[in-house]
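Biologist: Could you walk me through this model before I go back to the bench? I'd like to begin with whatever you think is worth a look.

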Amino acid sequence: MLRQQIRGVCPHDCPDTCGIVTEVENGKAVKFYADRHHPVTQGWLCVKVSPYLDHVYHPDRLQHPLKRVGPKGSGQWAQISWEEALQEISAQWQQIIAEYGAEAILPYSYSGTLGLLQMTVSSARFWNRMGASRLERSICCMAAITAVEATLGLRWSPAYETMPDSKLIVLWGHNPVSTAPHLMPHLTRAQRQGTEIIVIDPRCTKTAKRADWHIAPLPGTDGALALGLGHIIVQEGWHDETWLNAHTVGWPHLRERLQAYDPDTVSSLTGLSSDTIFELAKRYATTKRSILKVADGVQRNFNGGQAVRAICALPALTGQYGQQGGGLAYSTSGLYDWDAQSVTHSQDCVKVSRKVNMNRLGAALTGEITDPPIKSLYVFGANPVASSPNARLIVEGLKRDDLFTVVHELLMTDTADYADIVLPATSQLEQVDVHQAYGHTNLRYNHPAIAPLGECKSNWDVFRVLSESMGYDEPWLHQSADEVLDEIITASAQKSVRLAGLKLDRLKSEGQVPLNLPGTVPFADLKFPTPSGKVELYSEVMQNLGHDPLPTYQHKQDPILAQATNQDDALNLVSGGAHHFVSSSMANQDGLLKREGKPFLEIHPQDAIPRNIQDGMTVRVHNARGWCLLQAVVTDTVRPGVVASPKGFWPKNDPWKNGDGGRNINWLTSDELADVAGQSTYHNTQVWIQPIQAAD
Ligand SMILES: Nc1nc2c(c(=O)[nH]1)N[C@H]1C(S)=C(S)[C@@H](COP(=O)(O)OP(=O)(O)OC[C@H]3O[C@@H](n4cnc5c(=O)[nH]c(N)nc54)[C@H](O)[C@@H]3O)O[C@H]1N2
Ligand SMILES: Nc1nc2c(c(=O)[nH]1)N[C@H]1C(S)=C(S)[C@@H](COP(=O)(O)OP(=O)(O)OC[C@H]3O[C@@H](n4cnc5c(=O)[nH]c(N)nc54)[C@H](O)[C@@H]3O)O[C@H]1N2
Ligand SMILES: [Mo]
């Protein structure tokens, strides 16, 4: 029997963006594994994606359009045809547009797939044509993107395999054992060669356990820590004055700013001893070839944008930018400079519509957004009831009888539960796409391995048929997947040096194609694509956005704390990625759920004892936003005052639910916005905890 091997790309939200291979026999995927020829994947896959055929052929996969026939959230559905579904959706939308205008319709999508077509193009073209509200896509990393670009002009991170070039690696708010597994072999190799690895994280993660030194500041205080390190570096004369004068803007201003961040002040802000802060400054500044590897956890708080600005200043103080093994590693995604017009076709559309911040979905649906109010929500590639902050309020919004909700999904998620119409989505094995990566610089084409299951359609294919039923006849809404990708690649290759020579055919035939880069060291020529061409310690870009032009630290509490009577009992919740899921994706698979275990909350013995909490007990975690039950793990992996619980569990799988739909950690998380770019502030959440049941 003929067995075909089809090359594809892992579509999930992870910097590794792996090369995958599916073996297909008689139209069925029978084997799934890593591509040995992918430079980052190197023949192995993570624990989450290895059992991918369980995901693709999960018995719960949605295969037909459904229409709600009972009250919202009651789980009563009737199967309908695509024709009926499209007719119903377009009729509802035409009526809403006539009465309220197209801005009354809000598309909500994020990271179910990171594909150029199925995410980026699909989030833009159709909606621009309609004039729908635009989604401010700030749930994940907008503060860091803004901060890094303001300082350096470009997000450009060195390749994973260059890690051993550094003598010191600081992993700052990053847990790659879980969230970027293919970085780990390179970190291990570096460590074996004598590189010191320091992890800065309020929680002792799997990554911190493998580090040479773990430093646990209070959540949200990294800006103060970075400025404190700068203070010591300058005070001790470890800075590189010549480099600063030649390659930065605003050094004298920063020098002045740093004065306020003496070790005693920073110690009281961060909860770290002055000795720790001094020792960290010394090791960082006096080890040449030291790199700061920042990821996303560090920015999800009140000071997130300015914290990243402060961190970005450190390699400038020590003259480490442009050095092999030095500088900053955040993300490579800035290097893929796609031609914006061919991606979005926004210049062909009538108007630029308003933006709605995705972190405020619950508030937006319950009265914060008016004129026009949101009358219809279209969710695809996202599961806000499980993953977005203040989820209880989102559910309240979704229950509105006057809200017309469409959810395009592979599975009946907690979000799909509240839809009026559910549309079945293809998995990555059933769709075409091209993927860039945020951890490396290889582009890759995803060949569909199998036909769509049942009546499933890809995001782009749904927008093509929706365009037809809405009467939108622009050719750029009706192209095939390859036609869209070809248009973007051709336009981008003409404009971008890094994409020059790229052709769709080449991408399809060669597997992955690397970007054209001038070398392996970012900014080796010490030219920074900022307005001044230098590292902007003082940034007019930030100033024009209404921010302090210098990195700063400003404390801001979760506002629910001020309303509480028992403020002293509050604990700071951090909720990073679960090891076995990607956000809530894959958190429906039995094998992975079993390995992740019961939803848990880590609490330090010093906080557990006065609350009569013992290891294994069920605890009630609550605040003014909501509550959920979790199993207590009494442990010193978190520092006193901080509790940790991973994101991603599905509310409806809540083991403690009793007939009310269930909850997860996002019933508690803050939907306040950070200092910069409307960023989420998940880790700036105050909670109260009490035991409700004895240990098993
Ligand atoms: N507590 C807490 N919560 C967090 C965070 C945190 O740090 N703490 N982090 C946040 C971050 S960084 C992010 S990026 C968000 C992610 O939040 P989301 O973007 O909502 O991601 P998921 O929860 O994985 O949901 C993605 C959904 O898309 C569906 N899907 C997958 N592929 C496709 C497709 O091709 N088409 C369609 N139509 N659907 C598809 C999947 O089945 C899945 O249900 O979570 C955030 N949530
Ligand atoms: N297994 C797995 N992999 C994933 C994901 C997942 O859910 N599971 N999610 C994907 C997504 S959407 C993203 S954006 C990336 C994110 O990749 P990472 O940024 O590595 O992941 P997180 O777990 O969100 O956050 C990293 C760490 O930040 C810590 N942290 C929280 N607050 C602070 C703080 O104030 N200061 C400091 N220094 N540290 C803090 C958390 O304790 C956590 O260990 O990972 C992706 N990969
Ligand atoms: Mo994310």
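Modeller: Let me begin with ligand 1, where a nitrogen atom lies 2.8 Å from an N or O atom in the side chain of asparagine 666. Please keep in mind throughout that this is a predicted model.

Biologist: Okay, and which side chain has an N or O atom 3.1 Å from a nitrogen atom of ligand 1?

Modeller: That is tyrosine 682, whose side chain places an N or O atom 3.1 Å from a nitrogen atom of the ligand. On the oxygen side, a polar side-chain atom of serine 585 lies 2.6 Å from an oxygen atom of ligand 1.

Biologist: How much of ligand 1 does the protein bury?

Modeller: The protein buries 97% of the 930 Å² that ligand 1 exposes when taken alone. The ligand is surrounded by 32 residues, and the closest are Ser387, Glu409, Ser575, Ser584 and Ser585.

Biologist: What's the make-up of that shell by class?

Modeller: Around ligand 1 there are 18 polar residues, 10 nonpolar ones and 4 charged ones.

Biologist: Now ligand 2, please. Which residues come nearest to it?

Modeller: Thr179, Asp201, Gly220, Asp222 and Phe581 come nearest, out of 33 residues around ligand 2. By class, that shell has 14 polar, 11 nonpolar and 8 charged residues.

Biologist: And what do the oxygen atoms of ligand 2 have for polar contacts?

Modeller: One contact is with the side chain of histidine 174, where an N or O atom is 2.7 Å from an oxygen atom of ligand 2. Backbone atoms take part as well: a polar backbone atom of glycine 577 is 2.8 Å from an oxygen atom of the ligand, and a polar backbone atom of serine 583 is also 2.8 Å from an oxygen atom of ligand 2. The protein covers 97% of the 900 Å² of accessible area that ligand 2 has on its own.

Biologist: Changing topic, how many aromatic pairs are there in the whole structure?

Modeller: A search of the whole structure finds 19 aromatic pairs. One of them is formed by tryptophan 127 and phenylalanine 463, an edge-to-face pair with 5.5 Å from centre to centre and 80° between the planes. This pair links distant parts of the chain, with tryptophan 127 in helix α4 and phenylalanine 463 in helix α19, 336 residues apart.

Biologist: Are those two buried or exposed?

Modeller: Tryptophan 127 and phenylalanine 463 are both buried. They also belong to one aromatic cluster, formed by Trp93, Phe126, Trp127, Tyr378, Phe380, Phe463 and Tyr472.

Biologist: Why does the pair of tryptophan 238 and phenylalanine 278 count as tilted?

Modeller: Their planes meet at 55°, with the ring centres 5.7 Å apart, so the pair is tilted; planes must be over 60 degrees apart to count as edge-to-face and under 30 to count as stacked. The pair again links distant parts of the chain, with tryptophan 238 in the loop between α9 and α10 and phenylalanine 278 in helix α13, 40 residues apart. Phenylalanine 278 is partly exposed, at a relative accessible area of 29%.

Biologist: Which lysines lie over rings?

Modeller: Lysine 28 has its charged end over the ring of tyrosine 57, 3.7 Å from the centre, while lysine 457 lies over the face of tryptophan 82, at 5.1 Å from the ring centre.

Biologist: Last topic, the backbone. Where is there a cis peptide bond?

Modeller: A cis peptide bond joins aspartate 371 and proline 372, with omega at about -5°. Aspartate 371 is in the loop between α16 and β15, and it has a positive phi of about 55° although it is not a glycine. In general, most residues other than glycine have a negative phi, and most peptide bonds are trans.

Biologist: Is aspartate 371 buried or exposed? And what about methionine 586?

Modeller: Aspartate 371 is exposed, with a relative accessible area of 71%, whereas methionine 586 is buried, with a relative accessible area of 1%. Methionine 586 also has a positive phi, of about 75°, without being a glycine, and its place is in the loop between β22 and α24.

Conventions: Residues are numbered from 1 along each chain as its sequence is written. Chains are lettered from A and ligands numbered from 1 in the order in which they are written. This is a predicted model: local features need pLDDT of at least 70, side-chain atom pairs count only at pLDDT 80 or more; totals for chains, interfaces and linings use all residues. Side-chain values use heavy atoms; hydrogens and water are left out. Rings of Phe, Tyr and Trp (its six-membered ring) pair if their centres lie within 6.5 Å; planes under 30 degrees apart count as stacked, over 60 as edge-to-face and the rest as tilted. Helices (H or I, at least four residues) and strands (E, at least two) are DSSP runs, numbered from the N terminus. Buried means under 20% relative accessible area, exposed over 50%, partly exposed in between (1.4 Å probe, protein chains only). A charge sits over a ring if NZ of Lys or CZ of Arg is within 6 Å of the ring centre and within 35 degrees of the ring normal. A residue is near a molecule or strand if one of its heavy atoms lies within 4 Å of it. A polar contact is a pair of N or O atoms within 3.5 Å; within protein, one must be able to donate a hydrogen and the other to accept it, and residues adjacent in sequence count only if both atoms are side-chain atoms. Accessible areas come from the Shrake-Rupley method with a 1.4 Å probe; for residues, only the protein chains shown count as cover. Ala, Val, Leu, Ile, Met, Phe, Trp, Tyr, Cys and Pro count as nonpolar, Asp, Glu, Lys and Arg as charged, and the others, Gly among them, as polar.
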